[in-house]
Amino acid sequence: MSMEAFYIILTGALVAGSAALLGSFLVLRKMAMLGDAISHAVLPGIVIAFLISGHRESLSLLIGAAASGLLATFLIELLHRKARLQEDASIGISFTWLFAIGVLLISAYTGQVDLDQECVLYGEIAYVPLDQISLGSLGSGPRPTLIAGGLFVLSLSYVIISFKGLKLLSFNEDYAKSLGVRTQLWHFSFMAMVSLVTVLAFEIVGAILIVALLVVPAATAYLLSRSLIPMLVLAVVLGALASFGGYYLAVALNGSIAGGMVSLAGALMLITVLVLRFQKAKANPKALK
Amino acid sequence: MSTEGQLHRAPVLEVHNLSASYNRKPVLWDIDFRLEGGQIAGIVGPNGSGKTTLLRNIMGLMEADSGYVKLFGGDLKDVREKVSYVPQRESVDWDFPVSVREVVEMGRFRSRNLMRRLKAQDQDLVDQALEKVGMLEYAQRQISQLSGGQQQRVFLARALAQNADLYLMDEPFVGVDAATEDAILGVLSALRNQGKTVVIVHHDLQTAYQYFDSMILLNTRLVAYGPKEKVFTKETLQEAYGGRLTVLSKLSEVIAQSEFPVRERGFKENTGSGDGGA
């Protein structure tokens, strides 16, 4: 394995791991498309951060993106709880509206500057090894890999510390409220983590990849697991497997690496569904007729 | 089942002029009652009469348009430890990857211990609760492998693990087998014997008289409340269920039952003489 391949696979696996840990709870809470929503909703934050700071330096844009990701979360909650719209409708309205505001701001104020989310945030995992950063006496390493590593440590710590709360909230939110648990606070801490992972990850690996990594490995693990901790572990392993296999699939076809990883994650899902169906048919031949 | 003792107890639950609505459609209108402790009370009424809404309001799970609720003479947030809620069984995903034991453990979760491990005494209460509903041997099963009745018993065990004084249950008898019905009734009378209070949302008139000591008869408005003998009259039932033909046709049957409760019917038939209500 070349050094480039190693860094790309490692970065993909670390991002996939973070996404799988949080995505498992998104799947269990039936909010799987939230990653997609947040990835669109961050645009106005990016534009406003650019208008204030006046340059395309990535830290301020990331802060803007994260803030507007959280705003989307608040907006979804507001429409769902206070206006009593269904959750999916609330998500659909919030992210398209914020995205539209972003588009409007770009067209009105930033006409002369080359600013769109493609160039600012939608990263490409193939460029990971090119972005080297010096680590002093330790030598140097790719910046995206280091960020992905930090993100994974953060996600893992968050899930370990919040495990009981996330389990309770995902299984039975009303009951959690009846116990006096501050469910709103838990909800927003979780959403803040999802926003952070989404925004940072698609700077590193690109939009399609992060949206898919939030949902596909977690959903596959859900089908295969009877218990929550094995589900989380399996989701992380499946994410890493998709990163590893997807890279070589892309190399073999000389195609997009992100495309290869998502395709492989999808294929693993499909195989799981077919195997489970086959097992069910074997155990109970009449049930499927 | 004596009513004398209850009169001297402070009310466990007070609902004052409560009105609530869904999407501007009134579901509860000016509900006002108080409930003494140490009994099993049923919230009874036809479909859409606001039974679940009343329970959700008592638990602070939705906002009332007007009115207020008092529990043990105070605000819910001050007496949460004494109140346990059993939601409708259908309200959760039973394919969720947790074991029976993990669900019952949730009964020991509190805001302050969510980031810590449960203590040994919490685990003991979980074991005892599982034992009481006869689910100890299923503790390690995933909840998707349970029957409807077993699922209901898991919910009941979770509430028992809370070790509360007031239990609010939403339709615990729906879709359960005879063994579970017996298990639930056994747990309920044990709770009553300890002086605890149980309030149950229940839609089935046929069994309501058999299960409960007192009743809150609801149809958006409060039709009647009090000891079951007083609530279960032809007039009040007609007021609550009036116009619903299928129910009306069963009404005479229900009233006959209320005059000669199910448990004593066998006795009456055998001896040819009965002394009516309990």
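1. A:Ile210 and its contacts. In this predicted model, A:Ile210 touches A:Val15 and A:Ala19, setting aside residues up to four places away in sequence. On the same terms, its other contacts are A:Gly35, A:Ser39, A:Thr198, A:Ala201, A:Phe202 and A:Val205.

2. The core around it. A:Ile210 is also one of the residues that touch the most other members of the largest nonpolar core, which counts 170 residues. A:Val15, A:Ala19 and A:Ala201 share that standing, as does A:Leu213. Chain B is represented there too, by B:Ala157 and B:Leu168. The top contributor to this core is helix H1 of chain A, residues 3-28, with 15 residues.

3. Fold of chain A. The chain has 13 helices and 2 strands. Its radius of gyration is 20 Å, close to the 19 Å given by the globule rule for 289 residues, so chain A is as compact as a globular protein of that length. Along the principal axes, its C-alpha atoms fill a box of roughly 65 × 55 × 40 Å.

4. Burial and contact range. In chain A, 47% of the 289 residues count as buried. Take the contacts between residues at least 6 apart in sequence: 71% of them join residues at least 24 apart.

5. Contact between the chains. Chain A brings 23 residues and chain B brings 20 residues. On the chain A side, helices H8 (163-171), H9 (173-178) and H12 (228-253) each supply at least two residues. H8(A) gives the largest share, 5 residues. By class, this side of chain A holds 10 nonpolar, 6 polar and 7 charged residues.

Terms used:
Residues are numbered from 1 along each chain as its sequence is written. Chains are lettered from A and ligands numbered from 1 in the order in which they are written. This is a predicted model: local features need pLDDT of at least 70, side-chain atom pairs count only at pLDDT 80 or more; totals for chains, interfaces and linings use all residues. Two residues are in contact if their C-beta atoms, placed from the backbone, lie within 7 Å. Helices (H or I, at least four residues) and strands (E, at least two) are DSSP runs, numbered from the N terminus. Ala, Val, Leu, Ile, Met, Phe, Trp, Tyr, Cys and Pro count as nonpolar, Asp, Glu, Lys and Arg as charged, and the others, Gly among them, as polar. The radius of gyration is taken over C-alpha atoms; the globule rule is 2.2 Å times the number of residues to the power 0.38. A residue is buried if 20 or more other C-beta atoms lie within 10 Å of its own, exposed if 12 or fewer, and partly exposed in between; C-beta atoms are placed from the backbone. A nonpolar core is a set of buried Ala, Val, Leu, Ile, Met, Phe, Trp, Tyr and Cys residues joined through C-beta atoms within 7 Å.
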